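Student: I have a model open and would like to go through some of its helix packing and then a sheet. Could you take me through it?

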Amino acid sequence: MSYAVEVPRESGRYGPYGGRYVPETLMAPLEELEHAYEQARTDHLFQAELDMLLRDFAGRPTPLQFAPRLTDYLGGARIYLKREDLLHTGAHKINNCLGQGLLARRMGKNRVIAETGAGQHGVATATVAARLGLTATVYMGTEDMERQRLNVFRMRLLGAEVIAVEAGSRTLKDAINEAMRDWVTNVRTSHYLLGSVLGAHPYPMIVRDFQKIIGEEARKQIEQIERRLPNYLFACVGGGSNSIGLFHAFLEEPKVKMIGVEAGGRGGSLGEHAARLAARRGLTGSRPGVLQGTYTYVLQTADGQIATTHSVSAGLDYPAVGPEHAWLADQGRAEYTAVADGEAIEAARMLARTEGIIPALESAHAVAELIRRAPQMRKDEIVILNLSGRGDKDMETLSRYA
Ligand SMILES: *Cc1c(COP(=O)(O)O)cnc(C)c1O
């Protein structure tokens, strides 16, 4: 089916999803951000500086690489990997951080605030802040700080202030609350640097726009190599930024099928997975609601309490999903499935052995779904899989499963 690419305006809606559900005090800064972005997107100097940083600092364009041994092994479609794992700091997150860092400077704000769970977004934020001469404050739950000590050290080495959050479950959710409190208090000097296509409008639109370069490059690259469009796109879905980044340039091509892969965790019951969209039919627990400023599918209990989630990969472990994905799912424009922890680990091992690439466990979820489906595909079909990040950060987890 066809899908008209939406550029949400004031309402920030994707169908019924998205919007701006925030306290009155945040309306003005969100409008300021929206306005600054509207101007920046058509400003040649802004775009030129962003292009330069993406190229020289981050390492774009990333290769679109044919995966010959995985293709042979699975015996189906021709598989191409979009190598976001080769970017500086090891994942696609730097694309968005550079864009928002430049926006912050343009708004005259010399400080950025971020929250981080596993620390990947915190490290990308600290990296960009250092490069652009901004100060960075990163909120992190103490539980996560304990689990991700190396990333805490990285952020501090890069000059960021890491603030330990002791409240609640001492994880990402609590860190977000503290970061919001900071933003409300310091909104004149500080920009809230959100890491995925989540939160109130205009964040889902801005983050998507800074990530859509993934699909724009991939489209040019595949047209050059194969002289035609791919049949399938595969990407993992945490908040949804690397997947929408790949999908966006193909949304108006009805023949290109898109598969988003969520965390199936340890099983189908609430609390054991983070399959917001894959679980919305059949399984209980996922239905539309408001979380952190946006209306989207949220994993919740029968009486509306936000559910706990589980995934072996921290980047997919979140109870809500970006509102544009909710709309793509409802319309059937993209398909969403879930892959269990063990399958993702197995897929990481398979990619390592066939292609010499150790993927991030997030990306390994997409690889696992591809391993399931590729053998049924025709040999003349083409797949592009987004390798959102590299696996260095996951060595400890991988070794526990060895
Ligand atoms: C953070 C992260 C993700 C999940 O975030 P999205 O916004 O869904 O892209 C996926 N892969 C890697 C490597 C990450 O670091």
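Tutor: Gladly, and please keep in mind that this is a predicted model. Let us begin with helix α13 (residues 341–355) and helix α14 (residues 361–373), whose axes lie 7 Å apart and make an angle of about 85 degrees.

Student: OK, so how are α13 and α14 oriented to each other?

Tutor: They are roughly perpendicular to each other, because angles from 65 to 115 degrees are counted that way.

Student: And which residues in α13 and α14 meet?

Tutor: From α13 the contact uses E343, A344, I345, A347, A348, M350 and L351, while α14 brings L361, A364, H365, V367, A368, I371 and R372. Sorted by class, the contact of these two helices has 11 nonpolar residues, one polar residue and two charged residues.

Student: Switching to the sheet, what's the strand order?

Tutor: The order is β7-β6-β5-β8, an open sheet of four strands with parallel pairing, and the twist from one strand to the next averages 25 degrees.

Student: Which strands stand at the edges?

Tutor: Those are β7 (161–165) and β8 (190–192), each of which has a single partner strand, so one side of each is left without a neighbour in the sheet.

Student: How many bridges join β5 to β8?

Tutor: Strand β5 (residues 111–115) is joined to β8 by three bridges, with the two running parallel, and V112 has H191 in β8 as its bridge partner.

Student: Where does helix α5 pack?

Tutor: Helix α5 (residues 120–132) packs on this sheet, where it touches β5 and β6 (135–141), and its direction makes about 170 degrees with that of β5.

Key. Residues are numbered from 1 along each chain as its sequence is written. This is a predicted model: local features need pLDDT of at least 70, side-chain atom pairs count only at pLDDT 80 or more; totals for chains, interfaces and linings use all residues. Side-chain values use heavy atoms; hydrogens and water are left out. Axes are lines fitted to C-alpha atoms, for helices over the stretch in contact, and angles run from 0 to 180 degrees between N-to-C directions. Angles under 35 degrees count as roughly parallel, over 145 as roughly antiparallel, 65 to 115 as roughly perpendicular and the rest as oblique. Contact means heavy atoms within 4.5 Å. Ala, Val, Leu, Ile, Met, Phe, Trp, Tyr, Cys and Pro count as nonpolar, Asp, Glu, Lys and Arg as charged, and the others, Gly among them, as polar. Two strands pair if DSSP finds at least two bridges between them.
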